[in-house]
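Me: I'd like to understand the terms people use for a helix and its surroundings. Could you take me through them on this example?

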Amino acid sequence: MDASAYLKAHIRTVPDWPAPGVQFRDITPLLQDPRVFRVLIDAFVHRYMTPELRPTVVAGLDARGFIIGSVVAYELGVGFVPIRKKGKLPFTTVEETYELEYGSATVELHTDAVKTGDRVLLIDDLIATGGTMMAGARLLEKLGATVMEGAAIVDLPELGGSTRLKATGLPLFTLVDFAGH
């Protein structure tokens, strides 16, 4: 079994959560088993160890992107920066508001989190509509960094996020695809 199939087999589907008709893809089982967690982290680390894909910093999106991104950054020997929901960071920030299915949300980044010329790997657990990752990429670019790739464990292609992100020119890497489910 390849890494993608192995990881997919360990993702729990919770029907009708948080609303009726939603098939929630729960990644917490990937984190609970040390062997599965290692396969998950190694899949990202092995990809980003190559010189052409090696970032100078990893940025993680609130909140599960913190778990994966910080470990990947540690393994690559680079820094980690959190992109948080509005009001959670204590220092001077830049912010980006984006639209959700019902309403909007805002994410923030410290103004000294990245510098001009940084090559950033932007990581999260899942790509749904793509709004959070796109907002994170815009924040990083406002500070002069280049988002060299967006990465996530799961892609939900039917929600259109990966297509939207790729249409902006952002390269995207995901490990597991839940198309048609």
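Reply: Happy to! One helix here ends in a telling way: helix 4 is followed by Gly77, whose phi is positive, near 75 degrees. This is a predicted model, where local features need pLDDT of at least 70, side-chain atom pairs count only at pLDDT 80 or more, and totals for chains, interfaces and linings use all residues. Residues are numbered from 1 along each chain as its sequence is written, and side-chain values use heavy atoms, with hydrogens and water left out.

Me: What makes residues 64–76 helix 4?

Reply: Helices are DSSP runs (H or I, at least four residues), numbered from the N terminus. Helix 4 has 13 residues.

Me: How do you know what span to expect for helix 4?

Reply: The expected span is 1.5 Å times one less than the number of residues. For helix 4 that gives 18 Å, and the distance from first C-alpha to last is 19 Å, close to it.

Me: Why are helix 3 and helix 4 called oblique?

Reply: Their axes (lines fitted to C-alpha atoms over the stretch in contact, with angles from 0 to 180 degrees between N-to-C directions) come within 10 Å and cross at roughly 55 degrees. Angles under 35 degrees count as roughly parallel, over 145 as roughly antiparallel, 65 to 115 as roughly perpendicular and the rest as oblique. Helix 3 and helix 4 are therefore oblique.

Me: What makes Val72 a neighbour of helix 3 residues?

Reply: Contact means heavy atoms within 4.5 Å. Val72 of helix 4 takes part in the contact with helix 3, whose residues there include Phe44 and Tyr48.

Conventions:
Helices (H or I, at least four residues) and strands (E, at least two) are DSSP runs, numbered from the N terminus.
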